[in-house]
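Below is a short note on the model, set out as numbered points. It starts from a single residue and works outward to the chain.

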Amino acid sequence: MNTTYHIDAPSLRLPQRGALLFILLGTAVMLSAGALRADDLIKNGGFEDGASGWWGPGLKSGGVVSDQAGGGANCLNLSEGFVCQDKRPVEGGKSYKISMKIRSENAAEGSVYVQVSFRGEGVKPGWYGSEVATVEGRSEKALFVTGGTQGWKEYASVIDAPANATEMLIYLRKLGGTSGTASFDDVKIEPAN
Ligand SMILES: [Ca+2]
């Protein structure tokens with residue numbers, strides 16, 4: 001009888017441990033689903049963590065500033081060049097809504113633009129989007145094209161990731177050798193379907 005008692009006693013605890021593990025796993029799944037939306041598709045889209053997650057020569061022609069942000073405390077200023085995020089995880093064939101706030105001051109018309117590209121097996125590595133930017137006399141597809149002098153304005157566009165795409169790249173741009181500055185804030189990439 002003693003033997004039976006010693007075997008039964010620990011086994012009584014097992015369902016409780018199992019239930020606790022289930023709750024912990026459930027919480028982890030919920031946390032990762034939330035994180036995928038907010039943090040994984042774009043990192044630091046509001047520039048509240050400085051330039052973290054972003055790279056490119058444009059960080060030196062303005063950079064992250066704590067002045068007249070479109071949201072929060074910081075935004076990105078750009079006088080020329082680009083600031084980029086690559087390796088944004090996407091699924092081929094799915095739609096993504098890309099949105100942001102853009103402001104410009106004395107910028108040449110059409111000199112402020114945003115471009116996206118995709119990578120993946122057999123995916124054409126060019127630019128995607130329904131707008132057209134004129135870059136050194138060439139026409140390039142773009143997501144948003146603007147310029148002039150305007151306060152913060154919200155831009156949004158839904159774009160389809162091509163089949164087999166695994167990665168999206170997003171470039172915030174201001175044409176080199178042109179006047180004025182552009183500011184970007186609240187950059188978001190969200191699943192649209
Ligand atoms: Ca911000």
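1. The model is a predicted one. A convenient starting point is Ser111, which sits in strand 4, the run covering residues 95–120.

2. Is Ser111 buried or exposed? Ser111 counts as buried because 24 other C-beta atoms lie within 10 Å, and the cut-off for that class is 20 or more.

3. Which residues does Ser111 touch, leaving aside those up to four places away in sequence? They are Gly147, Lys174, Leu175 and Thr178. For Thr178, the C-alpha to C-alpha distance to Ser111 is 7.1 Å, although 67 residues separate the two in sequence.

4. Lys174 also appears in the strand pairing: this residue of strand 8 is the bridge partner of Val112. Strand 4 and strand 8 run antiparallel and are joined by nine bridges.

5. Strand 8 (residues 165–174) has a further partner in strand 3 (residues 81–89), again antiparallel, with seven bridges between them. One of the pairs here is Cys84 with Tyr171, the latter in strand 8. As for burial, strand 8 is mostly covered, with seven of its ten residues buried.

6. At the level of the chain, the secondary structure consists of one helix and nine strands. The order along the sequence is α-β-β-β-β-β-β-β-β-β.

7. The chain has 193 residues, of which 31% are buried. Of the contacts with a separation of 6 or more, 77% are between residues 24 or more positions apart. The pairing of strand 4 with strand 8, through nine bridges, can be read alongside that figure.

Conventions
Residues are numbered from 1 along each chain as its sequence is written. This is a predicted model: local features need pLDDT of at least 70, side-chain atom pairs count only at pLDDT 80 or more; totals for chains, interfaces and linings use all residues. Helices (H or I, at least four residues) and strands (E, at least two) are DSSP runs, numbered from the N terminus. A residue is buried if 20 or more other C-beta atoms lie within 10 Å of its own, exposed if 12 or fewer, and partly exposed in between; C-beta atoms are placed from the backbone. Two residues are in contact if their C-beta atoms, placed from the backbone, lie within 7 Å. Two strands pair if DSSP finds at least two bridges between them.
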